[in-house]
Structure formats: structure tokens, C-alpha cells
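Visitor: Here is a model I would like to go through with you. Can we test the labels put on it?

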Amino acid sequence: MRVLDDVSFIIDHGLMVGVVGPNGAGKTTLFNAILGLISPTYGSIRIHGLPFSEMRGELAYVPQQEKVNWRFPLTASDVVMLGRQRKIGWVRRPSNEDKQIVSSCLEKVGLSERGLDLVTNLSGGQRQRLFIARALAQEAHTLLLDEAFSGVDVASQEGLIEILQSLTNEGKTVLIATHDLTNLAKRFDLVLCLNQHVCALGPPSESFTPAVLAELYGAHGMSLINETGKP
Amino acid sequence: MDNIINLLFDPLQYGFMLRALAVSILIGIICPVIGSYVVIRGLAFMGDAIAHAILPGLVIGFLIGVSPVVSAIPVGILIAFLIGYLSRKTGLSEDTSIGILFAGLFAFGLILLSLFKSVRINLSDILLGQVLGVSQNDIMITGLLVIIVLITLIAFHKELVFAGFDPQGASIIGLPTNLLDYLLLGLTAVVIVISIQAVGVILVMAMLVTPAATAYLLARNFKIMMLIGPIIGIIATSLGLYSSFYWNIPSGPAMTLATVALFTLTVVFKRMIRN
């Protein structure tokens, strides 16, 4: 079964890109392919012109909340330290420099007070910020966030977007998969509309034509989006 | 005061009690450490299955005359591999694969036991443990294995935690998560085999899960949980051993009840503090 077909696109660095499409559109599959978890049957994926195997560590991933074992009694600092794994290497312990990087990454996402708190006790929005901090600690230049805004209230969504915008301003690339268009679409520099194939790629104002929206969400979805104000 | 000291030291004039205490302490240390992963990653059923499926390995050990600890460990590790392999290749859920191997290998062990009547082993010792029968040699092997498991867990702590907390994230940055899972299961199998000496096949799950769960209730984070666990484990196994000596009750069940008692006390204690 083909989940994704005819998906060709190029994205410049330093942009915030929304990967938009309904559930089952293949957003997660696309991310898994970019992250090297599955390999495409045909074609290739290059990052800065290089295959994934040479770019490992340059990509950071903010997972869907349910993919993580929240029972693990780790502190916020512990989780951010996981981002240092590649730099520290197998078996070796974190150095003082690693610890400093961790605390400055926590500060950047506004969690410096919560370093010793268990992840179980963080809210949905704080957990997302924590994983962004982990991505920062990894010193990755591309961030992929899968449904980062589900289970996060609107105020926290704003906070997340601001943090991500400061990252794109530093030249990092951010890809966000989302099925929810209502609040966010206009905040992206680019949207990649995906429904088994690429329906459109461009600035939100140009991409969300009635034809594209119908292809993404069907006639029903179109009316839904129009009622809540066209993004 | 003298009474308490006598109570503690009198039994140790017997060599079998001294040896039993040594093995009990070693098991008390290692079970909660590996048990922390078992509890947090939800591997209790897996642990129980490894314990039962190990039976053929134990019987073969008795047959060819090597320490059952030595003969059962390869079997335990093999089972851990088989469970992962079966669920990956057949698409069956992991607990179904566990159920099939668990019952199948346990039955095979029972049949082996009945076929070779020449082997003088007591089935109830295997099922319920017999810590009072351990030899000097058993202590040496147990001690060595405890050290190996501890060193491995300390060395790969970072990686094991990453793979358990966020397996996808771990494989994206290039950690071999399958291999790490097998390592963890292999170490769990080792700990189960050495614990069977004390508490037997049926109750080994209690040693693996209960002290670690007690530590989970008391600890602030994973590292502290792994440090508190052994203290609870040593108290529980020693308490069980002494009660077995003084009240003439089987040692495995006594240790198990001691761990459950400590767990219950902790739950009650936590509730009282909260109110």
C-alpha cells in the first residue's frame, strides 16, 4: 500500500513550515522517512544535499506525546540531557559543559525553574517546550514536531510558536505536522499541504485555495474551515 | 539490646544460614535495581514468563551436573530473544508471544523432570526456592553475576534510559534500541535465574517488582529509585530469611511476604503523610 506518492519538495533553511493535512494524510510517514526511521521505496531524501546517514544528529524530533513513556520518573533536566547523547557518546558521563548547556536550553524555553521537576508533573505545553529544549541541547539545525499542538491550550500554543520563531530567526528550520488549521496556519512561513501527495506548497495565503482545501478535507472540511474564518 | 544482637547473630553460627544470608543480600541488592526498569517499562509479565520458561535450563543443569545458575542463564537470554523475535515476525502482540513461550517451555521442563527420574531434585525447591541449600560455589557465581549486571547497568545507564523513555527519539539519533532492549532483557534473565535459588520460579516476580515499586513510591527520580531499591531489597530478604529460621516457615514465601509487607507499609505511610 502506498501511503505517500509523488512527494517532491525543497525547503529553504530558516523557515517555519507547516505540514498540513487530515489524519491519515501521511504526515507522520513523511516525518519518519525524513528522520530515517523508514526508507522510501522510491526516491531519496537529502538534507543540505547529504543523505540522512551523514546528517544524523542534525535533525531533532519532538515526538507525539503518546509515543513517550511518561511513567519514567525523569526530571526535566534529565530529559534535556538526553539531547546531549551524541555529543557525550556511549558510556561516558555528562561533563560540566553539558550541564551548562542543559540549563541554558531550559532557560531558552522558559523552564529554568522546573529543571528538577519530574516530567510527569509538567503540563502538555511544558512537555512540548521541554522537548524543544532537548532539540536545542542536541544542537540540531532542523526540528520536526509531530502534532505538537494537540493537548496544548491556546495560550501555550502562542508561547510555543514564539519560541519556534526565535529559532527560525537564528537560521534553524522547523517543520510542524498538524491537522488543525484554525489557529496556526497564518503563523507559518510556508505550508506543505499533504494528502497522500503534495497538494500545495507555498505561503499560507496562496496555498489555501478552495480547491486545495477541498482536496485536503473534502467539501465538509471546507465549510468547517470557512465558519471558523479562513486561515 | 543484647537480645536483638543475639537474635541476629545466633543463626549465623550455622554455615547454611551464613551462606543463605549472603545470597539473600546479593539478591536483595540486584532485584530492585533491574526491577526499576521492569516496573517503569511494564515488563512484569515478561519477567514472570522468563522465570517459568527457564525450567528446562534448570533441569538440564542438574542432568549434566553443572550449577543450575550456569545452565539456566543461556536459556533465559534465549527466551528473551525469542519473545521479541516472535512478536516482530508474526505480528502477534508481545503478551501473546510471552504466553505461548511461557507455558510451552514450562511444560517442557516439567516433562524433562518426569522423564529423568535419576535426577534427584525436589520440584518444590525449584518452584518455591531453597536458599538454605546454597553452596559456597553458588555464592561465588551469584556474586560475580551481580557485579556483572551492576557494572553493565551503570555503564549503559544513559542509553537504557533514553531507549526506555523515548524509543523513537533514541533510534533517530542512532541508538540501537532493539539491541538495548535485548540487553535489558538478558540482564533481567540473569537476575531471575540467580533469584530463583532463593524464592523459586513462582515467586521470583515478587522480588523483581515489589521492592522496586516500593522504591518508586519513595524516590524523587529514577536514579534515587535505583539507589533506595537495594536498601528495601536487603531488608526484605533478610527479614524473610530470619523469619524462616525462627518460625520454621519456607524462606521463599517468607521473603515474598516481607517485600509485600514493606510495600504495604509504604503505601499506608505515604497516605498518612498526605493527610
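What follows is a short exchange on why certain labels apply.

Guide: Keep in mind that this is a predicted model.

Visitor: Why is A:Gln126 counted as buried?

Guide: Its relative accessibility is 14%. Buried means under 20%, so A:Gln126 counts as buried.

Visitor: Where is A:Gln126 found, and what is it in contact with?

Guide: A:Gln126 is found in helix α6 of chain A, residues 124-137. Leaving aside neighbours within four places in sequence, A:Gln126 is in contact with A:Leu111 and A:Arg114.

Visitor: Why are α8(B) and α11(B) called roughly antiparallel?

Guide: The axes of α8(B), residues 136-155, and α11(B), residues 177-218, cross at roughly 155°. Angles over 145 degrees count as roughly antiparallel, so the label fits this pair. The two axes come within 10 Å. The crossing is left-handed.

Visitor: What makes up the contact of α8(B) with α11(B), by class?

Guide: It has nine nonpolar, three polar and one charged residues. Among those from α8(B) are B:Asp138, B:Thr142 and B:Leu145. The α11(B) side includes B:Leu183, B:Ile194 and B:Gln197.

Visitor: What makes β4(A) and β5(A) a pair?

Guide: Strands pair if there are at least two bridges between them. Four bridges join β4(A) to β5(A), residues 142-146, so they pair. The two strands run parallel. In β5(A), A:Leu143 is the bridge partner of A:Ala60.

Visitor: Which way do the residues of β4(A) point?

Guide: A:Leu59 and A:Tyr61 point one way, A:Ala60 and A:Val62 the other. All are buried.

How values were computed. Residues numbered from 1 in each chain as written. Chains lettered and ligands numbered in written order. Predicted model: local features only at pLDDT ≥ 70, side-chain atom pairs only at ≥ 80, totals over all residues. Heavy atoms only, no water. Buried < 20%, exposed > 50% of the residue type's maximum accessible area, 1.4 Å probe, protein only. Contact = heavy atoms within 4.5 Å. Axes fitted to C-alpha atoms, helices over the stretch in contact; angles between N-to-C directions. Parallel < 35°, antiparallel > 145°, perpendicular 65-115°, else oblique. Left-handed = near helix turned anticlockwise from the far one by under 90°. Nonpolar A, V, L, I, M, F, W, Y, C, P; charged D, E, K, R; others polar.
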